[in-house]
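This briefing is for a reader meeting the structure for the first time. It covers strand pairing and then salt bridges.

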Amino acid sequence: MKKKTAFIIIIAAVCALAIYNYWYSDRSNNTMPTKAGDQVLKAIAHIQDGDDIQQAIDVAAANGGGDVEIPAGKYEVKNTIIVKPSVTLQLNSGTMLVPVSNVNVIELSRNSAVNGGIIYAYDLKRYSKSGIYLDGAQEFSGTLKSASISNIKIIGRPGLGNGLFFYAEEGSDHVSWVEAHNVNITGFDKAIYFKTEPVKKPDKIWINGNNLSQIFIKDAYYGIYLDGHMDLPYEISGNNFTGVQIQTSELTRQAIFIKGTKNYIQAMIWDYHLGAEAVHLDKDSLRNQIQSNVSADDLAYIDDGIDNLSVSAK
């Protein structure tokens, strides 16, 4: 009888230990915040403006990275929010970042991302910066050195600043393999602006091989503006734009402008008959491909380059 009782007690203890491990040990490893996670949550709990968002990003980066989720609300941005490596800035669909000084609202670092939310720069009447900025000095390239932009709305006053700005200035600056998906841009001088500065060897800079899809542009002076060169040392080459919708207006100068080589743009360009140049391929353009609703024979389609291809119905 004693042996049977002892055996039952042992079985009960084993079962209790198994239950404990299941409910507390394993589950805590999967769902309970780590110390680093607690620090990020504490930082997020006190967010009131862009500087607080930066603090939460800094805490996450110092603890190895991860998602920094910003609740719905309106947040004033006095200083550029820099999304650091291995950090994703997750903005709620009701999160609005409003610049109150003339700064880039978000700057991405290598291996960083921003997803969701709204950047609202319309109220700043002398705005000349960018909603999202990528500096080629970061040397974006490859799988773990790239960046991602997704599911975001960027709104500015027509004629002022940029929606997205990719920039390479000197040395070995480059922006490559960046992905942007489902981006809606209204207003600005240039909705999407790629710029390489003219440099001489030994400098070698480029903005190449970036993929942008499901892009919506409205009421910008310039829709997609690629301002580079057809070859090194400062080329803009091999960038793909697919699923692009550009709504022009009386304010629009050019829906698409290209100085560069082998870029591919698939776009629907609306109401360009109001006076905009639908497509302008500069004399410093080579072997670019435009698939659009605008025929190469249309007066709004200007091709001063070399071996560019228009794929559209006549």
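The model is predicted. Parallel strand pairing appears in an open sheet of three strands, and the count of salt bridges comes to four.

**The three-stranded sheet**

- The strand order in this open sheet is S12-S15-S18, and the pairing is parallel.
- Strand S12 (174–176) and strand S18 (234–237) are the edge strands, each pairing on one side only.
- From one strand to the next, the twist averages 10 degrees.
- Three bridges join S12 to strand S15 (residues 205–208) in the parallel sense.
- Val175 has Ile207, in S15, as its bridge partner.

**Pairing of S10, S13 and S16**

- Strand S10 (residues 147–155) runs parallel to strand S13 (residues 179–186), and seven bridges join them.
- Ile152 has Val183, in S13, as its bridge partner.
- S13 also pairs with strand S16 (residues 211–218), in the parallel sense and over seven bridges.
- Here Ala180 is matched with Leu212 of S16 as its bridge partner.
- In general, strands of a sheet pair through backbone hydrogen bonds, either parallel or antiparallel.

**Salt bridge between Asp58 and Lys84**

- In the salt bridge of Asp58 with Lys84, the closest N and O atoms are 3.0 Å apart.
- Asp58 belongs to helix H3 (residues 50–62) and Lys84 to the loop between strand S3 (81–83) and strand S4 (87–91), so the salt bridge ties together parts that are 26 residues apart in sequence.
- Asp58 is partly exposed, at 29% relative accessibility, and Lys84 is also partly exposed, with a relative accessible area of 30%.

**Salt bridge between Asp189 and Lys190**

- Asp189 and Lys190 form a salt bridge through their side chains, at 2.9 Å from N to O.
- Asp189 has a relative accessible area of 17%, so it counts as buried.
- Lys190 is buried too, with a relative accessible area of 12%.

**Salt bridges around Asp227**

- The side chains of Asp227 and Lys195 meet in a salt bridge, at 3.1 Å from N to O.
- This pair links distant parts of the chain, 32 residues apart: Asp227 is in strand S17 (residues 222–227) and Lys195 is in strand S14 (residues 190–196).
- Asp227 has a relative accessible area of 12%; this is under 20%, so Asp227 is buried.
- Lys195 counts as buried as well, at 14% relative accessibility.
- A network of salt bridges links Lys195, Asp227 and Lys259.

Definitions and conventions. Residues numbered from 1 in each chain as written. Predicted model: local features only at pLDDT ≥ 70, side-chain atom pairs only at ≥ 80, totals over all residues. Heavy atoms only, no water. Pairing = 2+ DSSP bridges. Helix = DSSP H or I, 4+ residues; strand = E, 2+ residues; numbered from the N terminus. Axes fitted to C-alpha atoms, helices over the stretch in contact; angles between N-to-C directions. Buried < 20%, exposed > 50% of the residue type's maximum accessible area, 1.4 Å probe, protein only.
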